[in-house]
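I opened the model to look up a few local features and keep notes. The entries follow in the order I checked them.

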Amino acid sequence: MAQSKPIFKLYNPFLPAGDQPAAISALLKGLQDGMKKQTLLGATGTGKTFTMANVIAGYNKPTLVIAHNKTLAAQLAQEFRLFFPESAVHYFVSYYDYYQPEAYMPASDTYIEKDASINKEIDMLRHASTQALLTRPDVIIVASVSCIYGLGSPEEYEKVNLKLEIGMKLDRLTLMKKLIEIHFERTNADLIPGTFRSIGAQVEFMPVSESIMYQVEFKGPKIEKITKIDPISSQIIKQEEKIFIFPAKHFITEDTKKKKALVEIKKELSTQLKKFEKEKKLLEAERIKRRTNYDLAMIKEVGYCNGIENYSRHLSGKKEGEPPETLLSYFPKTGFLTIIDESHVTLPQLNGMYAGDASRKNTLVEYGFRLPSAKDNRPLKYGEFQERIGPVVYTSATPSEVERKESAQIVEQIIRPTGLVDPETIVRGVSEKGNYKGQIFDFISEAEKTIKKGFRVLATTLTKKMAEDLSVYLKDKKIKAEYLHSDIKTMERIKILTQFRKGEIDILVGVNLLREGLDLPEVALIGILDADKAGFLRSETSLIQTIGRAARNSEGKVILYADIITDAMKSALGETKRRRDIQLAYNKKHGITPKTIIKNIKDITEEMESEHGKVVNAELALDLEVFKHAYAKELKIDRSKVTKKDGMTEVKLHMSDEERSNLVYEKIIKIKEREMGKAVKELDFETAAILRDEIGVLKLKLENK
């Protein structure tokens, strides 16, 4: 089953406990016995990630972990990095901050051009993922469903990597030409990943997979020195004997294939033009003719064009209808393990990607915006995805029928090593009867009791409007309440959650944001309003996930307000009771007294605001040497105006007060951009989002000054 020599070194901060040892053993035996699919049914708080880390180490092969959103993928990547500090744990998600796909709406004759904002840092992480898969065995890639989208051929990507070594016969101009051939861009400004610049007898470039600068020095027609440099401090990290440079883009094609592809694209264009002319679609014929001829010219001259992925079938030499190369193609042919996290959500995503993409592409082709071959630039069909993965482990607290039917075995992990029990669940009526005033009044009464004990309360409603109205009503009752839903911006959402955990807010009202992913051990009561209203938000899965939010507090209680008990409620209540009974029996046998999880309350926004203040103060009193090296050249400082006073630098520039103020803003923006890049690299996307918003505000202020 596994390689004889261990490739993963698992750091065990603690020994497996509770159900974990049995789950690890069962899953590894299933893999050894050749089981294609297994499910880990892990209740909230039982340590599913730690279990899977042990399975990865035991199975001893590269692993793909798929999560259903970027945030959960980032959290998983952080956890696996802690468990495998010496291995290559990478993060692979869509590199778009904003993405509007190319589309055409015939009813209104509206063409929407592709509009995307590419996150350079995430693009860098994507390249780091593919390069790790091609160069080492101990790799764990945590990905979103973007892993089933077209990526470019791994063979071509690996084939055209550039090897540089000391003494190699290569001149400066030839190196620059080779860098351009693998899609590096020349710049005279600061280097960013995927760019290079020429300074005298040196060429400096930054690989697309890391924020490190390489400086190559030439002596005649040979490479004399290769230096690895920190681009921020300009300090030399080390002298290299040889380095390998991978392409700056995943879609790469050697010249021979590219020339053949250009011929094939022209043939397809000719065929499509004849089809449109026969159908008397003259407008469509003119559209596709102009678009394709322009793209052909760009590919011929610079090797790339916007939307080059739409010609991937020709560039890769694939046949019509063949599936594209994806991240899965970069995993070794000897096999790998796939883990699908929160499978009850992730599998439907994987299954639904193809149909939506195909519908949009068919319209573009029909109306002359793209050639038919563009339809082969697509995500994998669900069946194709299944064919390309090896053994798979689904993990979920609430696996769906799909996982249950497909799995050779379902391994349960119900017992929490902490001894915490699933919360007590109670059903109460919605309608007002006699002295009973209905769900809102009852909820408030229960909430006040909980708040007096020093705990926090959650309430889930069916709509955003109901959440907002309830929070206003609670405030009128002098209760510290706030609502939380998808319209709340990232920075404000983090502040609200922090205030909630600190006790500055006692009741948080939401819709479905209070299910997967929120870790709030201070919550001792959850009120599920209108629990008997059938639908997605009150399905068995949703109810179990919501109930699980109170499983981190020893006094956790959930009240479902309903006049009737629906099938979903009956199943959720039954499953919760089953898990509760198992845990209680375990606690009694081992003499465990459950204790609420204590977690540090860290206010990211306060930290950022205080850092902001420090940055401003630092900029007003810059160290003389730092200022000289970083700014003297670009700001043309008069040296006679730079003095030291009381150990601090006093800078008097040939500039107005406004220009001096602009300097401070520009420097703060640069520092924050650097910090944002660092946060993304560490997969701390909450901090990165806050920094991005701050940079936007600072740039706006600078523009309006």
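**Entry 1: the annotated loop**

I looked up G47 and found this residue in the loop between β1 (37-42) and α2. The model is predicted, and I read every entry here with that in mind. I noted G47 as partly exposed, because its relative accessible area is 28%, and the cut-offs put partly exposed between 20% and 50%. Leaving aside neighbours within four places in sequence, I found G47 in contact with Q20 and Q413.

I then moved to K48, which lies in helix α2. K48 counts as buried at 17% relative accessibility. Its contacts, again without neighbours within four places in sequence, are L40, G42, A43 and Q413. Q413 is thus on the contact list of G47 and on that of K48.

I checked the record as well. UniProt, in an unreviewed entry, places the feature "binding site" at G42, A43, T44, G45, T46, G47, K48 and T49.

**Entry 2: the sheet**

I traced an open sheet of 7 strands in the order β3-β8-β2-β17-β18-β1-β19, with parallel pairing. Which strands stand at the edges? They are β3 (88-92) and β19 (409-413); each has a single partner strand, so one side of each is left without a neighbour in the sheet. I noted that neighbouring strands are turned by 20° against each other on average, direction ignored.

I followed β3 to its partner. β3 and β8 (residues 139-143) run parallel and are joined by 5 bridges. I picked out A88, whose bridge partner in β8 is V139.

Next I looked at helix α3 (residues 70-83). This helix lies across β2 (63-66), β3, β8 and β17 (337-341), and runs at about 175° to β3.

**Entry 3: the cores**

I listed the largest nonpolar core, which has 35 residues. The members that touch the most other members are M52, I56, F80, F84, I140, V142 and L337. At least two residues of this core come from each of α1 (20-32), α2 (48-59), α3, β3, α4 (120-135), β8 and β17. Which element gives the most to this core? It is α3, with 7 residues.

I checked L337 separately. Not counting residues up to four places away in sequence, L337 touches L31, V55, I56, Y59, P62, T63, L64, P391 and V393.

I also found a second, separate core of 31 residues, which includes Y157, F336, L380 and F385.

**Entry 4: aromatic pairs**

I counted 9 aromatic pairs. Y382 and F385 form one that is tilted, at 6.4 Å centre to centre and 35° between the planes. Y382 and F385 are 3 residues apart in helix α11 (residues 382-388), so about one helical turn separates them. Y382 counts as buried at 17% relative accessibility, and F385 is buried at 1%. I noted a cluster too: ring pairs link Y104, Y111, Y367 and F369.

**Entry 5: a buried arginine**

I ended with R579, which has its place in helix α17 (residues 567-590). Is R579 buried or exposed? R579 is buried, because its relative accessible area is 4% and the cut-off for buried is under 20%. Not counting residues up to four places away in sequence, R579 touches L41, A43, A397, I414, D422 and I544. A43 also appears among the contacts of K48 and among the positions UniProt lists for "binding site".

How values were computed:
Residues are numbered from 1 along each chain as its sequence is written. This is a predicted model: local features need pLDDT of at least 70, side-chain atom pairs count only at pLDDT 80 or more; totals for chains, interfaces and linings use all residues. Side-chain values use heavy atoms; hydrogens and water are left out. Two strands pair if DSSP finds at least two bridges between them. Helices (H or I, at least four residues) and strands (E, at least two) are DSSP runs, numbered from the N terminus. Axes are lines fitted to C-alpha atoms, for helices over the stretch in contact, and angles run from 0 to 180 degrees between N-to-C directions. Contact means heavy atoms within 4.5 Å. Buried means under 20% relative accessible area, exposed over 50%, partly exposed in between (1.4 Å probe, protein chains only). A nonpolar core is a set of buried Ala, Val, Leu, Ile, Met, Phe, Trp, Tyr and Cys residues joined through side-chain atoms within 4.5 Å. UniProt positions are given in the numbering used here, feature names are shortened, and annotations may be inferred rather than shown by experiment. Rings of Phe, Tyr and Trp (its six-membered ring) pair if their centres lie within 6.5 Å; planes under 30 degrees apart count as stacked, over 60 as edge-to-face and the rest as tilted.
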